[in-house]
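Take a walk through this model, one set of contacts at a time. Keep the coordinates open and follow each pair as it comes up.

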Amino acid sequence: MTNKLVPALLAAALAAAALPAAAQSAGDWTVAIGVHQVDPKSDNGKLANGTLPLAIDSDAKPSIAFEYFLKDNLGLEVLGALPFKHDIAVKGVGKVGDTKHLPPTFTLQYHFNSKGKVSPLLGVGLNYTTFFSENTTGVLKDARLKLGDSWGLSAHAGLDFKVSDKSSIRVDVRWADIDTRVKVDGAKLGTANIDPLVYGAAYVMKF
């Protein structure tokens, strides 16, 4: 389902580009409060010279985003959320640990047809992910797990459904390039490739 969502939103945004646009004005602010799920890709890489194939599960948490409009319809957004928690497993072995992370993301995005009842948006940006509260279990029980912080590109696509002149409902999907270097008891084991889709819905208020 999510694999089909990005092309559909992109097509809607391109179609809307021919429609009148003007509503989100320079100097406006919006706040979006919602729930989003971080869904790591299915192949998260292999550690220890390719001998340990990883599997990282998904998690959903409340989210909040602030957007400031630099120009009409062009905004700079900062996304935050409560800490996401993910189980870490080695395929064929089972769960070996878990971690929490915060993924603040900065996105420059354009809103199409922003006076209409449905307004697509597209954006590109930068993601910073910091990992903490790493725990170990199973075959790694009592070992010290450390995941390095990550910087990477991100992309954002969404649809705003107008509720009133000051509010809308948003459904959206993001992609982020998140790679973290893995250490166990100080030894470098390799890199976990998380690269998740982040999808959800939010209530957007304009100020």
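What follows covers aromatic pairs, salt bridges and pockets, in that order.

The model is predicted. Start with the rings. There are 3 aromatic pairs. One of them joins Trp 29 and Tyr 68. Their ring centres lie 5.0 Å apart, and the planes meet at 50°. That geometry is tilted. Trp 29 sits in strand S1, which runs over residues 29-39. Tyr 68 sits in strand S4, residues 59-71. The two parts are 39 residues apart in sequence, so the ring contact ties them together. How accessible is each partner, Trp 29 and Tyr 68? Trp 29 has a relative accessible area of 43%, which makes it partly exposed. Tyr 68, at 32%, is partly exposed.

Now move to Tyr 128 and Trp 151, which form a tilted aromatic pair. Here the centres are 4.7 Å apart and the angle between planes is 40°. Tyr 128 belongs to strand S9 (residues 118-136), and Trp 151 belongs to strand S11 (residues 150-164). This pair therefore ties together parts 23 residues apart in sequence. Tyr 128 is partly exposed at 23% relative accessible area. The cut-off for exposed is over 50%. Trp 151 has a relative accessibility of 59%, so it counts as exposed.

Charged contacts come next. Side chains of opposite charge can pair when their charged atoms come close. The structure holds 10 salt bridges. Find Glu 77 and Arg 170: they form a salt bridge, with the closest N and O atoms 3.8 Å apart. Which strands does this bridge tie together? Arg 170 lies in strand S12 (residues 167-176) and Glu 77 in strand S5 (residues 74-81). The bridge ties together parts that are 93 residues apart in sequence. Arg 170 is buried, at 4% relative accessible area. Glu 77 is also buried, with a relative accessibility of 1%.

Glu 77 has another salt-bridge partner, Arg 174. The closest N and O atoms of this pair are 2.9 Å apart. Glu 77 is in S5 and Arg 174 is in S12, so this bridge ties together parts 97 residues apart in sequence. Burial takes a relative accessible area under 20%. Arg 174 has 6%, so it counts as buried.

For a further salt bridge, look at Asp 165 and Lys 162. Their N to O distance is 3.2 Å. Asp 165 is exposed, at 62% relative accessibility. Lys 162 is partly exposed, at 39%. Shared partners also link salt bridges into one network. Its members are Glu 77, Asp 160, Arg 170, Asp 172 and Arg 174.

Turn to the pockets. How much space lies in the largest pocket? About 300 Å³. Its lining has 23 residues. Closest to its centre are Gln 24, Ser 114, Lys 162, Ser 164 and Asp 165. Lys 162 and Asp 165 are the salt-bridge partners met above. S4, S11, S12 and strand S15 (197-206) each supply at least two lining residues. S11 gives the largest share, 4 residues. By class, the lining has 5 nonpolar, 9 polar and 9 charged residues.

Stay with Ser 114 for a moment. It is found in the loop between strand S8 (105-111) and S9. Is Ser 114 buried or exposed? At 13% relative accessibility, Ser 114 counts as buried. Its side chain reaches the backbone nitrogen of Gln 24 at 3.4 Å. Both Ser 114 and Gln 24 are among the residues closest to the centre of the largest pocket.

The second largest pocket has a volume of about 240 Å³. It is lined by 21 residues. Leu 47, Leu 54, Ile 88, Val 96 and Val 182 are closest to its centre. Several strands give two or more residues to this lining, among them S3 (52-56), S6 (84-90) and S7 (94-102). Strands S10 (145-147), S13 (179-184) and S14 (187-193) do so too. What classes of residue make up the lining of the second largest pocket? There are 18 nonpolar, 3 polar and no charged residues. In the largest pocket, by contrast, 9 lining residues are charged.

How values were computed:
Residues are numbered from 1 along each chain as its sequence is written. This is a predicted model: local features need pLDDT of at least 70, side-chain atom pairs count only at pLDDT 80 or more; totals for chains, interfaces and linings use all residues. Side-chain values use heavy atoms; hydrogens and water are left out. Rings of Phe, Tyr and Trp (its six-membered ring) pair if their centres lie within 6.5 Å; planes under 30 degrees apart count as stacked, over 60 as edge-to-face and the rest as tilted. Buried means under 20% relative accessible area, exposed over 50%, partly exposed in between (1.4 Å probe, protein chains only). A salt bridge is a side-chain nitrogen of Lys or Arg within 4 Å of a carboxyl oxygen of Asp or Glu. On a 1 Å grid over the protein atoms alone, a cavity is a set of points where a 1.4 Å probe fits but cannot get out, and a pocket is an open set with protein on both sides within 12 Å along at least five of seven lines; lining residues have an atom within 4 Å of a point. Grid points are joined across faces, edges and corners, and a volume is the space filled by probe spheres set on the points. Ala, Val, Leu, Ile, Met, Phe, Trp, Tyr, Cys and Pro count as nonpolar, Asp, Glu, Lys and Arg as charged, and the others, Gly among them, as polar. A polar contact is a pair of N or O atoms within 3.5 Å; within protein, one must be able to donate a hydrogen and the other to accept it, and residues adjacent in sequence count only if both atoms are side-chain atoms.
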